[in-house]
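Visitor: Please take one part of this model and look at it closely, following it outward into its surroundings. I would like the cut-offs stated along the way.

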Amino acid sequence: FLPVKDIDLKEVSVESRPVIMSNDTLRYSVNAFKSKQDRSIGDVLKKLPGIEVMSNGAIKYKGEAINKFYINGMDLLDMKYGLATENLPADAVTNVEVLENHQPLKVLKDISSTGKAAINLRLSEKVVKPVGVIETGGGTETPNLLWLMNVFMLKANKTNQTLVYYKTNNHGNDISKESIDHSDDVFNPNKMDKFKNRELFNVKNFDEIPLIPKRYLFNKTHAITINNLKKINQDKQLRNNMNYLKDTREENTYTLSSY
């Protein structure tokens with residue numbers, strides 16, 4: 001018989017690497033890049049090496065526009081991915097996956113490579129119930145009454161995904177860019193950041209004066225979106241996307257001239 005004795009094992013800690021490469025999939029650990037100040041997953045995306053988020057919400061990987069955006073491997077938003085990146089809480093996502101050389105058309109998967117990448121958000125396994133955000137606020141700015149309301153909900157499982165949101169405000173927060181369809185960005189790179197070159201001031205002898213939209217935008221905006229995707233089988237999906245945007249705005253701009 002072998003003698004029996006106790007052995008003290010040394011403490012072992014297991015830490016996940018921030019970035020893991022497996023075949024054509026690059027996986028970023030959200031916890032490795034997330035900070036307390038990060039509200040949405042879009043805030044984390046801006047920190048990931050190789051990923052660039054433009055001012056209108058468009059996403060580039062290694063300088064090229066992504067050609068698809070998935071949530072748990074399903075194409076719920078049909079390239080209107082700002083609805084997710086600007087509103088989905090960072091805590092709800094475990095990993096951001098980059099699918100390099102992604103071919104979204106199955107019939108061409110083994111025939112043609114696009115040379116472009118796709119993004120997939122891998123939700124936390126703890127998110128078994130709908131995840132959401134409700135934010136309300138109000139105030140006064142003589143002589144106007146200011147308001148905002150943000151309601152966001154995402155429910156996702158293996159065969160069904162639903163995203164619903166309603167946003168409204170009149171305090172200069174431009175939410176119209178969240179519902180931009182970025183499909184054209186893949187083929188027209190010059191359109192990727194159509195707000196970037198917009199000139200607020202036409203000044204000849206003065207340097208450009210940078211201002212955030214809240215300083216000059218007077219708006220009354222209401223945005224509603226309902227998105228549902230049902231996976232019937234491996235090759236068939238049924239998707240419904242309904243969007244409504246009413247955006248009334250005024251902008252104070254000035255032209256300065258020298259004599």
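Guide: What follows starts at a pocket, turns to two acidic residues, and then moves on to the strands.

The model is predicted, so local features are given only at pLDDT of at least 70 and side-chain atom pairs only at 80 or more, while totals for chains, interfaces and linings use all residues. Residues are numbered from 1 along each chain as its sequence is written, and side-chain values use heavy atoms, without hydrogens or water.

The second largest pocket (an open set of points on a 1 Å grid, with protein on both sides within 12 Å along at least five of seven lines) has a volume of about 910 Å³. Its lining, meaning residues with an atom within 4 Å of a point, comprises 31 residues, and those nearest the centre are Tyr 70, Gly 73, His 102, Pro 104 and Lys 106. At least two lining residues come from each of the strands (DSSP E runs of at least two residues) β6, β7, β8 (118-123), β13 (217-231) and β14 (237-251).

Asp 75 sits in the loop that runs from β6 (68-71) to α3 (82-85). With a relative accessible area of 8%, Asp 75 counts as buried, a word that stands for under 20%, as exposed stands for over 50%. Its side chain makes a polar contact of 2.9 Å with the side chain of Lys 68, where such a contact is a donor-acceptor pair of N or O atoms within 3.5 Å. Once neighbours within four places in sequence are set aside, the residues in contact with Asp 75 (heavy atoms within 4.5 Å) are Lys 68, Phe 69, Tyr 70, Leu 229 and Arg 239. Tyr 70 therefore appears both in contact with this buried aspartate and among the residues nearest the centre of the pocket.

Asp 235 offers another setting, for it lies in the loop between β13 and β14 and is exposed, with a relative accessible area of 64%. Although 129 residues separate Asp 235 from Lys 106 along the chain, their C-alpha atoms are 8.9 Å apart, and Lys 106 is one of the residues nearest the centre of the second largest pocket.

From the lining strand β7, the picture extends to β2, since β2 and β7 (residues 93-99) pair in the antiparallel sense over 5 bridges, pairing being called at two DSSP bridges or more. Within that pairing Arg 27 stands opposite Glu 97 in β7. Strand β2 (residues 25-29) is mostly covered, with 4 of its 5 residues buried, and β2 also pairs antiparallel with β1 (residues 19-22), over 4 bridges. There Ser 22 faces Thr 25 in β2, and the two strands make a hairpin with 2 residues between them, where Asn 23 in the turn has a positive phi of about 55°.

Another part of the fold is an open sheet of 3 strands, antiparallel and ordered β3-β4-β5. β3 (51-53) and β5 (64-65) are its edges, each with a single partner strand, so one side of each has no neighbour in the sheet. Strand β4 (residues 59-61) runs antiparallel to β5 and is joined to it by 2 bridges, with Tyr 61 standing opposite Glu 64 in β5.

As for confidence, the average pLDDT (the predictor's own score per residue, from 0 to 100) is 84 for the protein, and 81% of the residues reach at least 70. Residues 196-209, however, stay under 50, and the model has 16 contacts beyond four places in sequence for this stretch. Where pLDDT is low, the predicted coordinates should not be read in detail.

Methods
Buried < 20%, exposed > 50% of the residue type's maximum accessible area, 1.4 Å probe, protein only. 1 Å grid on protein atoms, 1.4 Å probe; cavity = no way out; pocket = protein on both sides within 12 Å on 5 of 7 lines; lining within 4 Å. Points joined across faces, edges and corners; volume = space filled by probe spheres on them.
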